[in-house]
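Grab a pencil and get ready to work through a few exercises on a protein chain. Each one gives you a task and then walks through a solution.

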Amino acid sequence: MDKTTYLNHYYFVSVLSFLMIFLPANASFSLDNFINKTTYSSIPKWSVDVVKLLISLVYVYAAIAKINSDWLYHAEPLKTWLIGKSDYYFIGYFFSKNWVHYAFSWFGLIYDLIIPFLLLYHRTRLFAFSLVVLFHVMTKILFPIGMFPYIMIFSAIIFFSPNFHEKVMHKISLIIQKASKSLSFYRYVIKKYVVINKYDVKFLKPKLFVLVLFFLFQIVFPFRYLMYPGELLWHEQGYRFSWRVMLVEKTGFASFKIVNSKNKKEFFVFDNHEEYLTPLQIKQMSFQPDFILEYAHFLGDVFVDKFDGNIEVYCDSRVALNQRLSQPLINDTINLLDQKMSFKNKKWILPLNDEIKGF
């Protein structure tokens with residue numbers, strides 16, 4: 001809803017919540033059962049597997065996105081971020097070392113690529129979950145990425161066996177029993193209600209069409225960036241909703257020229273964005289092209305009356321990507337009020353004067 005604060009885990013929570021509309025998540029330990037006094041002896045295996053598939057897609061696609069020259073050959077943007085943590089007590093010394101930057105980068109790619117498969121295999125599951133906890137606790141300490149580490153740690157529990165979940169729920173039910181003996185549902189939650197049977201085709205059929213469309217979208221949509229020429233990390237067309245985690249460090253500055261199209265009188269908006277935007281919005285707007293376009297149209301609406309409707313808006317934006325020297329991002333000769341938001345290639349974005357090889 002607000003691209004200023006967009007993070008991958010907001011999207012993950014949203015799509016997982018949508019997916020769970022079609023899953024029997026209320027089949028056992030739930031308020032539904034408490035209210036309706038209904039018990040289920042099992043839940044269908046597919047309902048657990050589709051959650052595993054979604055989590056696996058997040059990890060694998062995050063790994064694919066890291067296969068690029070900036071991440072592998074230059075350790076960017078991790079190098080920039082880790083150097084900024086060099087004042088940490090004791091461990092900060094290592095964050096200034098070049099080999100640490102590359103170790104973090106390569107480990108991050110390998111981790112994302114193999115962790116779902118290690119979680120799926122029962123003999124490596126406990127080791128994999130230990131890696132999940134270690135990896136995400138470290139990212140939580142080092143980087144301001146909100147709830148994402150906690151979400152991925154708890155989501156990984158879905159890979160454990162039904163017996164593991166049965167034991168956990170049994171202990172929870174005992175706690176509830178002691179806390180409030182007036183609750184009647186504790187009597188059946190200690191039973192084997194988490195047993196996962198073979199695929200229940202009859203139960204699956206009504207939802208199969210929706211699930212197929214859902215996963216087809218999740219598999220294909222992240223690759224929409226291939227429709228656009230140029231460097232994705234620069235123009236960001238197809239960047240969001242594609243599980244591209246922690247790949248970009250951008251800084252920018254944007255100024256706007258307001259022009260009267262009749263008498264050619266003009267003035268600049270470059271140091272008073274605070275009147276219209278929050279500090280975080282200003283930061284994000286300075287290097288996100290679609291945000292720049294939206295802001296340009298907003299300025300057009302603000303000043304249109306003062307120019308009697310004869311208004312043009314131009315932008316001069318300079319952006320530095322992953323420690324490169326800053327370059328112009330927006331063609332400052334194009335009136336942004338003539339440009340509309342769409343899935344078409346945005347020709348008013350200037351190309352990156354460099355090449356980032358890979359995905």
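## Exercise 1: An unusual loop

Proline 77 sits in the loop between helix 4 and helix 5. Keep in mind as you go that this is a predicted model.

**Task.** Work out which peptide bond in this stretch is cis, and which residue here has a positive phi although it is not a glycine.

**Solution.**
- Step 1: Recall what you would usually expect. Most residues other than glycine have a negative phi, and most peptide bonds are trans.
- Step 2: Check the bond before proline 77. Glutamate 76 and proline 77 are joined by a cis peptide bond, with omega at about 10°.
- Step 3: Now look at alanine 75, which lies in the loop between helix 4 and helix 5. Its phi is positive, about 55°, although alanine 75 is not a glycine.
- Step 4: Ask about exposure. Buried means under 20% relative accessible area, so alanine 75, at 0% relative accessibility, counts as buried.

## Exercise 2: Another positive phi

**Task.** Say where glutamate 236 is found, and decide whether it is buried or exposed.

**Solution.**
- Step 1: Find the place. Glutamate 236 is in the loop between helix 12 (232-235) and strand 3.
- Step 2: Read the backbone. Glutamate 236 has a positive phi of about 60°, although it is not a glycine.
- Step 3: Apply the cut-off. The relative accessibility of glutamate 236 is 16%, so it counts as buried.

## Exercise 3: Building the sheet

**Task.** Put the strands of the open sheet in order, and say which ones stand at the edges.

**Solution.**
- Step 1: Start with strand 3 (residues 250-260) and strand 5, which run antiparallel and are joined by 11 bridges. One opposite pair to look for is serine 255 and aspartate 316 in strand 5.
- Step 2: Add strand 4. Strand 3 and strand 4 pair in the antiparallel sense over 4 bridges, and isoleucine 258 has phenylalanine 267 in strand 4 as its bridge partner.
- Step 3: Add strand 6 (residues 327-328). Strand 5 pairs with strand 6 over 2 bridges, again in the antiparallel sense, and arginine 318 stands opposite proline 328 in strand 6.
- Step 4: Write the order. The open sheet has 4 strands in the order 4-3-5-6, with antiparallel pairing.
- Step 5: Name the edges. Strand 4 (266-269) and strand 6 each have a single partner strand, so one side of each is left without a neighbour in the sheet.
- Step 6: Look at the turn. The hairpin of strand 5 and strand 6 has 5 residues between the strands, and asparagine 322 there takes a positive phi near 50°.

## Exercise 4: What covers the sheet?

**Task.** Find how many residues of strand 5 are buried, and which helix lies across strand 5.

**Solution.**
- Step 1: Count along strand 5 (residues 311-321). It is mostly covered, with 9 of its 11 residues buried.
- Step 2: Look for the helix. Helix 14 (residues 289-303) lies across strand 3, strand 4 and strand 5, and runs at about 150° to strand 5.
- Step 3: Follow the chain on from strand 4. Histidine 273 is in the loop between strand 4 and helix 13 (279-285), and it is buried, with a relative accessible area of 5%.
- Step 4: List its contacts. Leaving out residues up to four places away in sequence, histidine 273 touches Ala254, Phe256, Ile282, Met285 and Tyr295.

## Exercise 5: Checking helices

**Task.** Compare the span of helix 1 with what you'd expect at 1.5 Å a residue, then find where helix 6 bends.

**Solution.**
- Step 1: Take helix 1 (residues 8-20). Its 13 residues reach 18 Å from first C-alpha to last, close to the 18 Å expected.
- Step 2: Pick out the buried residues of helix 1: Asn8, His9, Tyr11, Phe12, Val15, Leu16 and Leu19. They cover an arc of only 150° around the axis, which puts them on the same side of helix 1.
- Step 3: Move to helix 6 (residues 98-120), where 23 residues reach 34 Å, close to the 33 Å expected.
- Step 4: Find the bend. Helix 6 bends by about 40° at isoleucine 114, and proline 116 follows within four residues.
- Step 5: See what packs around it. The cover over the buried residues of helix 6 includes helix 3 (45-65), helix 4 (69-73), helix 5 (78-83) and helix 7 (125-142).
- Step 6: Finish with helix 3, which is mostly covered, as 17 of its 21 residues are buried.

Key: Residues numbered from 1 in each chain as written. Predicted model: local features only at pLDDT ≥ 70, side-chain atom pairs only at ≥ 80, totals over all residues. Heavy atoms only, no water. Buried < 20%, exposed > 50% of the residue type's maximum accessible area, 1.4 Å probe, protein only. Pairing = 2+ DSSP bridges. Expected span 1.5 Å × (residues − 1). Bend = angle between axes of the 7 residues up to and from the residue. Contact = heavy atoms within 4.5 Å. Arc of directions from axis to C-beta. Axes fitted to C-alpha atoms, helices over the stretch in contact; angles between N-to-C directions.
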